[in-house]
Structure formats: structure tokens, C-alpha cells
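Colleague: I have the sequence and the coordinates open and would like to go through them with you. Can we start with one side chain and work outwards?

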Amino acid sequence: MAYSRAYIYNIALIHLGLSATIQTVNQTDSATTTFNTFYEIAKNQVLADFDWSFASTFRDLTPTGNKPENPKYQFEYDYPNDCIAAREILDTFRSENAYKFDIGTISNGQKVIYTNISPARLRYTKNVDKESFFTADFVLALGAYLGSLCGKTITGSSSKANNCFQIYQLMINKAKKINATESQNKDEAELKKTWLDERF
């Protein structure tokens, strides 16, 4: 199913206990206007709060050419413009080792990544703008989080907004459990493949 922003707004309304529906995000009613105000920041926060597979990508990092201001690290790299959250630093030779890194801001206001590996590849959560790329669990979580941010303004009830946030936390915890299971199954499949390769 291809999701839309209006669909996500309607999930938020349902979480808030409202029966009204939003047909288009261009409506001028107070609920739609409030959702439009908070949508982008809500989406980015939900992307950052969990390592969503649909938003995960890799990029070989570009050195800034500067000596790192952070004395704990040897190398300084540009922070990708579309990066919502940095997850892992790897080398570029398909190694399974992950390396320690830190995020910093240098004197000119530029965001950078510090690490002790060169060259370096970053696995990160990217900014995804097309709702059609979202997964069902992300849509449910985003709807709940959006409801938590906008709930008091739309309904006048803090308790309804708090209830949405509790739902959001449940959604994130569920996503973490699913991800752990999928990772475990993947590891088992890789081990089996390795065992078969060695046997034959």
C-alpha cells in the first residue's frame, strides 16, 4: 500500500479519538494546519528514534581536509546532507568491523564526523520525503507521535496527547523486537551458508 501524508494525519486523529477525516493536506482547518506545522520535525524525529530498514543507506565519507578539532580522532569527514542519524562507521573493504565515531560541529558551524579509520563508510538513516516509501510500522509510529505533538492544540486535552506518546513508545518497542528477530534470522542464515560453503 502506498501511504500519503493525509493518511498519516488521519491515523493521528484516530489516536486522538476524533472521527473527522482529512482529505488533503491543503485544507485550511485548524487540525490540518497544526499537523502541517509539526509534520516535518515529527517525521525526522521518528526516523532518528529507530534504525528503520527502509531508510538505511551507505555512503563513502568525504574528508573535510582539516585537522580534527577533536583530539581523540585522526580523521574528520563531512556529515551527509541527507543524514538524519549516523548508525555505524565501517571501512570500505566490506569488513564487518564497526569503528568508534563522534559527531561534532566545527567553528564555521559545519557538522562533521570524527573517527580513526580512513577511508570510511557511513551507514546511516537518510531523510525520506516520499510517504510512498514508508513502511506500515513507521506510518503507525509517525501517526502516534504526530498526535502526541499536536494533540493538546487540536483537542485541548493533555491526556489524549500523552496517550498518543505512550502508543508511540509501544510502536517503537515493537519495531525494535521485530528488528532483533529479523537480524537474528539473518545471522543464522549467514552462518548456515558459511557452514555449507566450508563443507563443500
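Colleague: Which side chain does Thr125 join in a polar contact, and at what distance?

Modeller: This is a predicted model, and in it the side chains of Thr125 and Arg87 are joined by a polar contact of 2.9 Å.

Colleague: Where does Thr125 sit, and is the residue buried or exposed?

Modeller: Thr125 belongs to strand β6, which covers residues 121–126, and with a relative accessibility of 0% the residue counts as buried, since the cut-off for that class is under 20%.

Colleague: What else is Thr125 in contact with, if you skip the neighbours within four places in sequence?

Modeller: Apart from those neighbours, the contacts of Thr125 include Leu47, Phe50, Asp51 and Ala55, and also Asp82, Cys83, Ile84, Ala85 and Arg87. Leu47 is itself listed among the buried residues of α2.

Colleague: Let's move to that helix, then. How far does α2 reach, and what would be expected at 1.5 Å a residue?

Modeller: Helix α2 takes in residues 30–49, 20 residues in total, and its first and last C-alpha atoms are 28 Å apart, which is close to the 28 Å expected at 1.5 Å a residue. There is nevertheless a kink of about 45° in α2, and Tyr39 is at its centre.

Colleague: Which residues of α2 are buried?

Modeller: Tyr39 is one of them, and the others are Ala31, Thr32, Thr34, Phe35, Ala42, Lys43, Val46 and Leu47.

Colleague: A lysine in that list caught my eye; what does the side chain of Lys43 join in a polar contact?

Modeller: The side chain of Lys43 makes a polar contact of 2.8 Å with that of Asn127, and Lys43 counts as buried because its relative accessibility is 1%. Beyond the neighbours within four places in sequence, Lys43 is in contact with Asn127, Val128 and Asp129, as well as with Phe134, Phe138 and Leu142. Phe138 and Leu142 are both among the buried residues of α3.

Colleague: And at the start of α2, what does a side-chain oxygen of Asp29 reach?

Modeller: That oxygen comes to within 3.3 Å of the backbone nitrogen of Ala31. Ala31 counts as buried at 11% relative accessibility, and, leaving out residues up to four places away in sequence, Ala31 touches Leu13 and Ile154.

Colleague: Leu13 takes us to α1, so at what angle do α1 and α2 pack?

Modeller: Helix α1, residues 5–15, packs against α2 at an angle of about 110°, and the two axes are 11 Å apart. That angle makes α1 roughly perpendicular to α2.

Colleague: Which residues meet there?

Modeller: From α1, Arg5, Ile8, Tyr9, Ala12 and Leu13 meet Ala31, Thr32, Phe35, Asn36, Tyr39 and Glu40 of α2. Ala31 and Tyr9 are 22 residues apart along the chain, and their C-alpha atoms are separated by 8.9 Å.

Colleague: Changing topic, where is the kink in α3 centred?

Modeller: Helix α3, residues 136–155, has a kink of about 50° centred on Leu149. Just after α3, Gly156 has a positive phi of about 80°.

Colleague: Last one, on the whole chain: how many helices and strands are there, and in what order do the elements run?

Modeller: The protein has four helices and six strands, and from the N terminus the order is α-α-β-β-β-β-β-β-α-α. Of its 200 residues, 37% count as buried, and among contacts between residues at least 6 apart in sequence, 70% join residues at least 24 apart.

Methods
Residues are numbered from 1 along each chain as its sequence is written. Side-chain values use heavy atoms; hydrogens and water are left out. Helices (H or I, at least four residues) and strands (E, at least two) are DSSP runs, numbered from the N terminus. The expected span of a helix is 1.5 Å times one less than its number of residues. The bend at a residue is the angle between axes fitted to the seven residues ending there and the seven starting there. Buried means under 20% relative accessible area, exposed over 50%, partly exposed in between (1.4 Å probe, protein chains only). A polar contact is a pair of N or O atoms within 3.5 Å; within protein, one must be able to donate a hydrogen and the other to accept it, and residues adjacent in sequence count only if both atoms are side-chain atoms. Axes are lines fitted to C-alpha atoms, for helices over the stretch in contact, and angles run from 0 to 180 degrees between N-to-C directions. Angles under 35 degrees count as roughly parallel, over 145 as roughly antiparallel, 65 to 115 as roughly perpendicular and the rest as oblique. Contact means heavy atoms within 4.5 Å.
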